[in-house]
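I wanted a look at the charged side chains in this one, so I opened the model and kept short notes as I went.

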Amino acid sequence: MKPLSFITSMIALMLTNMSAHAQAMEAVLSPIPNMLPDGIVTQGSNDIHAAWLSDPTTRYAHGVLGDGIEAAALRVELEDGTQLTLTLPETDVFEDRYPRLVDLDRDGRDEMVLVKSTQSQGAALVIAGVRDGALKILAEAKPIGQPQRWLNPVGVGDFDADGEMEIAYVETPHIGGTLRIVRWQGNALVEVYAEPGFSNHAIGTRELQLSVVLDADGDGVTDLVVPNTLRNVLRVVTFKDGTFKQLFPIDLGAPMVRLLSDYAFMRALVAVLSDGTTAAVRFK
């Protein structure tokens, strides 16, 4: 199946919405004390009203997101107004900009997907949540194993259509990135598949959303849309029935610097490219 070009008016609408969203988010962020300077507040609809990264620190010298400031703590505000804090050990930071709120186990409570990095082992994907009145790390993937090695989440979905949620991320997106899919089991995130040849981040930038999950081929199963290592081709891939395959590539013509996915629910995307142009795609 080949993607169809989308109308120019949709590009303009997405760009307008993006600008308005950025202005609204700036208004939300400014009053929060001790928040990560480039952080974003994530709002929830279950037990967690809002979540954000806080306690800026320079104790982890990497700067993959454009500066040397990372977060030493995660904070949440519950629906009843109670605020909880999870403070990491001195050897660790959240090398991220925001927590991704999602009810992974479908129990009516939100969990948070984050990137945690340590001085000795580099980055690992973690799940945090509220249990017994405390904010805790609930599960953790195997770390990369080297300091100053990072990963960027892609998204969450039932990628194999088995009724359970999985999490996808790109490990080391700047040096031969590998797409990994993990499943939450007990206190661990267990890998179920890995495939090389992906990148969803440009080193030194704050843009984390260069990939998206959506049903690209209309079969009712969530697919993954992730750039190749040069970020000039979108690779549309599926993990349906536990078998990984590429559905089709989308040649962008230049490296992507931003992906506008406001209309992903319509299976429509707009890629902003490094040469200043845009590429709009709508899937059948």
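Before looking up accessibilities, I noted the cut-offs: buried means under 20% relative accessible area, exposed means over 50%, and partly exposed is in between. I also kept in mind that this is a predicted model.

Entry 1, Arg109 and Asp107. I found these two side chains meeting in a salt bridge, 2.8 Å from N to O. Arg109 has a relative accessible area of 32%, so I put it down as partly exposed. Asp107 is partly exposed as well, at 34%.

Entry 2, Glu140 and Lys116. Their side chains form a salt bridge at 3.2 Å, N to O. I checked where they sit: Glu140 is in strand 10 (residues 134–141) and Lys116 is in strand 8 (residues 111–118), so the pair ties together parts 24 residues apart in sequence. Glu140 came out partly exposed at 29%, whereas Lys116 is buried, with just 6% relative accessibility.

Entry 3, Asp67 and Arg206. The closest N and O atoms of this salt bridge are 2.6 Å apart. Asp67 belongs to the loop between strand 3 (48–57) and strand 4 (70–78), and Arg206 to the loop between strand 14 (188–196) and strand 15 (212–214), so this pair links parts that are 139 residues apart in sequence. Asp67 is buried at 18%; Arg206, at 35%, is partly exposed.

Entry 4, the wider picture. Which residues do shared salt-bridge partners join into one network? I got Asp38, Asp67, Arg97 and Arg206. My count for the model came to 19 salt bridges.

Definitions and conventions
Residues are numbered from 1 along each chain as its sequence is written. This is a predicted model: local features need pLDDT of at least 70, side-chain atom pairs count only at pLDDT 80 or more; totals for chains, interfaces and linings use all residues. Side-chain values use heavy atoms; hydrogens and water are left out. A salt bridge is a side-chain nitrogen of Lys or Arg within 4 Å of a carboxyl oxygen of Asp or Glu. Helices (H or I, at least four residues) and strands (E, at least two) are DSSP runs, numbered from the N terminus. Buried means under 20% relative accessible area, exposed over 50%, partly exposed in between (1.4 Å probe, protein chains only).
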